[in-house]
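Hi,

Here is the structure I promised to pass on. Have a look at it first, and my notes follow underneath.

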Amino acid sequence: MVRPSGNADVTRSAILAFLGTSGGASRADLARALGVSPALMTQLIKELIADGLVRELSMSPSSGGRPARMLGLATAAGRVVGMKISKDHVAFVETELSGHVVRSGNRAYDASSITSLSDVVSLVHSFVGEDRVTPLLGIGVGVPGSVDGQGSGVVDSSLLGWRQVPLGAVLSRELHVPVLVENNVNALAVAERLYGSGREHAEFLVVTIGEGVGAGFVTGGAVVRGSRGGAGEIGHIPAVADGPLCTCGNHGCIEALIGEKTLVANARQSGIISSSETMADLQERANDGDPLAQDIFRGAGQPLGRIVAGLVQILDPEIVIVSGEGTRGWRHWAAGFERSFRGALTADRRSIPVIVESWDDEAWARGAAALVASAPFYSEESSGEQGRRVRARLTHVPAEVGGL
């Protein structure tokens, strides 16, 4: 489901992100940078000024024409915490509304524990601190799985071993702050639209590789979630009949063929790495020129290329962004990916750019933080109760300034 007003909503957030990272810009600069019409930019700036989020600064120098009025952020209106939950750790960031990362961290975690929900609450308290001065607008959470589309944050995740886990409701109740939960690749796609390579594109595809394989679709500037919040689960596209067992319970999914667990298992079975070594060791062997290690990645790149080509044929994006932990070894994946990807496309689409983002674990959490940064600009119907609470904090409604 694409939110009807998503383009303008996300563009408002992108304006704040651009002003926060650039220090200031004119209306014309913003319109060019974000790829929107001057008329729409003028209207959005008018709304943001009325909301007290953007203010006019000094006039910019002129080379002969009429000088342009510079714009800047009018508020530091609190901070945002973003977190990405994995099966064995949680990555955190704290950001300003502009997306600037103030601090980050990782905490060990066991998603399979019977106390997994209370453990997450404790980890957030540990990261945030009890005596903070700057209030929180909210917490964004990225998870590897499907999240209900009703704003309550109920999670189904085969990677975490979770079924109908009420993550959002528990965190919001225990932490007394707005909590927005989303599939981690969708959250990353929002961050790409606000801060990354997707800033200049309204139509793009994000593909992630690592422990799992996922995708996020952005069209008209808004993320496509699907009817149950599960759009983009390309890792569970069936690739071969009677293939290896996947975490979802089916056989032969693309994730079961090229996910990190499978690549490491294949490398151990082939004697490339020992039984105690990991993906980092496999990548090191490939970097050192081991042809068998390089073949592992090349072989994974081939089916990935075909799957992504199929998505490009269906969605017709402007660019493809590849991200995730697996991109640390991308130069070895690329040998198989590029040939199968370009070869599976129709001639008119073979020149589509593929941008590979440099990776660290912070990127996932920053994507989750972007959920909160964009929430104030969605309608209440779109963002639900948690979005309303974020908006209330942003405009300093007294009843909503408690909590962390």
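Let me start with the aromatics: F297, W330, W333, F337 and F341 are linked into a cluster by ring pairs. Bear in mind that this is a predicted model. There are five aromatic pairs in the structure. One of them is W330 with W333, a stacked pair with 6.4 Å from centre to centre and 10 degrees between the planes. Why are W330 and W333 separated by about one helical turn? Because they are three residues apart in helix 11, which covers residues 330–343. Both W330 and W333 are buried.

F337 and F341 make a stacked pair too, with centres 5.0 Å apart and 15 degrees between the planes. These two also sit in helix 11, with four residues, or about one turn of the helix, from F337 to F341. As for accessibility, F337 and F341 are both buried.

Rings also turn up with charges over them. K84 has its charged end over the ring of W364, at 5.1 Å from the ring centre. R103, for its part, lies over the face of F127, and here the distance to the ring centre is 4.0 Å.

K84 comes up again around A91, since that lysine is one of the residues A91 touches. Leaving aside residues up to four places away in sequence, the other contacts of A91 are G82, M83, G105, N106, D361 and A365. A91 belongs to strand 5, residues 89–96. Is A91 buried or exposed? Its relative accessibility is 2%, so A91 counts as buried. Take a look at A365 while you are there: 274 residues separate it from A91 in sequence, yet their C-alpha atoms are 6.0 Å apart in space.

Last, a sheet. Three strands make up an open sheet in the order 8-9-10, and the pairing is antiparallel. Strand 8 (146–147) and strand 10 (162–166) are the edge strands, each pairing on one side only. Between strand 8 and strand 9 (residues 154–157) there are two bridges, in the antiparallel sense. If you want a residue to click on, S146 has D156 in strand 9 as its bridge partner. Helix 5, residues 167–175, packs on this sheet and touches strand 9 and strand 10. The direction of helix 5 makes about 35 degrees with that of strand 10.

Cheers

Conventions
Residues numbered from 1 in each chain as written. Predicted model: local features only at pLDDT ≥ 70, side-chain atom pairs only at ≥ 80, totals over all residues. Heavy atoms only, no water. Buried < 20%, exposed > 50% of the residue type's maximum accessible area, 1.4 Å probe, protein only. Contact = heavy atoms within 4.5 Å. Pairing = 2+ DSSP bridges. Axes fitted to C-alpha atoms, helices over the stretch in contact; angles between N-to-C directions. Phe/Tyr/Trp six-rings, centres within 6.5 Å; stacked < 30°, edge-to-face > 60°. Lys NZ or Arg CZ within 6 Å of the ring centre and 35° of its normal.
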